[in-house]
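Here's a walk through a structure you haven't met before. Take a look at the fold first, then read on and follow along residue by residue.

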Amino acid sequence: MSGTLRERALRLLARREYARAELARKLAPHAGSGEALDALLDDLTARRLLSDERYVEMRMNARAARYGNARLAYELRTQGVSDELVAAALAASDDELSRARAAWQRKFGAGAQDDAERARQMRFLLSRGFSGETVRRVLRGDFEDD
């Protein structure tokens, strides 16, 4: 069973990076015991085939340009990434204001002409996980860093 479990884990890891907890959830129904699963995950981590750091880097590269810090942190935490890794990744990422401005520019390109359009733009940025202050600064046109 452990050879089959190892093969299944390697097939999954060959497609994309996984967080340890996410891979454990995928493999748990196929594992004979929790100890065998933990041993396999420890072995994959020791061989550097499984890395939460690489997973965080991959997710940040793929999604940081479109989403705010709150959404990125939520997605990483739901996959079992530690708070320390999440905080380090967010600190190393681009400025949230510049990312929000770029997302707003791609979607709308111009400021709101009326209150309904302003509310629509605000909802869009908030749903992407940008902070309220960042959204207000983007909609005001205040793009200078403090």
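Start with the outward-facing side of helix α6, where E84, A91 and A92 are exposed. Keep in mind as you look that this is a predicted model. Turn to the other side of α6 and you'll find L85, V86, A89 and L90, which are buried. Those four cover an arc of only 130° around the axis, which puts them on the same side of α6. There's a general reason for patterns like this: an α-helix has 3.6 residues a turn, so residues three or four places apart point the same way. As for what the buried residues of α6 pack against, the partners are α4 and α5.

A91 deserves a second glance. It sits in helix α6, and its relative accessible area is 67%, over the 50% mark, which is why A91 counts as exposed. Measuring across the model from C-alpha to C-alpha, A91 and S127 lie 21 Å apart in space, with their positions 36 residues apart in sequence.

Now hop over to α4, one of the partners of α6. Its buried residues are D52, Y55, V56, M60 and R63. Looking down the axis of α4, you'd see them fall within an arc of 130°, so they line one face of the helix. E57 and N61 are on the other side of α4, and they're exposed. The buried residues of α4 pack against α2 (20–27), α5 and α6 (83–92).

Next up is α7, which covers residues 96–107. Which of its residues are buried? They're E96, L97, R99, A100, A103 and W104. Seen down the axis of α7, these buried residues stay within an arc of 165°, so they too line one face of their helix. The cover over them includes α5 (69–78), α8 (115–127) and α9 (132–140).

Here are α4 and α7 in one place, going by length and reach from first C-alpha to last:

| Helix | Residues in helix | Reach | Expected at 1.5 Å a residue |
|---|---|---|---|
| α4 | twelve residues | 16 Å | 16 Å |
| α7 | twelve residues | 16 Å | 16 Å |

In each case the reach is close to the expected value, for α4 and for α7.

Just past the end of α7, the backbone does something worth a look: G109 takes a positive phi of about 80°. Most residues other than glycine have a negative phi. With that in mind, check R48, which has a positive phi of about 60° although it is not a glycine. You'll find R48 in the loop between α3 (34–46) and α4 (52–63). Is R48 buried or exposed? Its relative accessibility is 57%, so R48 counts as exposed.

What about ring contacts? The structure holds one aromatic pair. It's made by F108 and F124, whose rings meet edge-to-face, at 5.4 Å centre to centre and with 90° between the planes. This pair links distant parts of the chain: F108 belongs to the loop between α7 and α8, F124 to helix α8, and they're 16 residues apart. Both F108 and F124 are buried. Elsewhere, the charged end of R16 sits over the ring of Y18, 4.0 Å from its centre.

One more loop residue to visit is R66, between α4 and α5. At 34% relative accessibility, R66 counts as partly exposed. Setting aside neighbours within four places in sequence, R66 is in contact with R106, R128 and F130. A31, on the other hand, is 37 Å from R66, C-alpha to C-alpha, and 35 residues from R66 in sequence.

Finally, zoom out to the whole chain. Its secondary structure comes to nine helices and zero strands. The radius of gyration is 20 Å, well over the 15 Å that the globule rule gives for 146 residues, so the chain is more spread out than a compact globule. Along its principal axes, the C-alpha trace spans about 65 × 30 × 20 Å. Buried residues make up 37% of the 146 residues. And of the contacts between residues at least 6 apart in sequence, 57% join residues at least 24 apart.

Key: Residues numbered from 1 in each chain as written. Predicted model: local features only at pLDDT ≥ 70, side-chain atom pairs only at ≥ 80, totals over all residues. Heavy atoms only, no water. Helix = DSSP H or I, 4+ residues; strand = E, 2+ residues; numbered from the N terminus. Expected span 1.5 Å × (residues − 1). Buried < 20%, exposed > 50% of the residue type's maximum accessible area, 1.4 Å probe, protein only. Arc of directions from axis to C-beta. Contact = heavy atoms within 4.5 Å. Phe/Tyr/Trp six-rings, centres within 6.5 Å; stacked < 30°, edge-to-face > 60°. Lys NZ or Arg CZ within 6 Å of the ring centre and 35° of its normal. Rg over C-alpha atoms; globule rule 2.2 N^0.38 Å.
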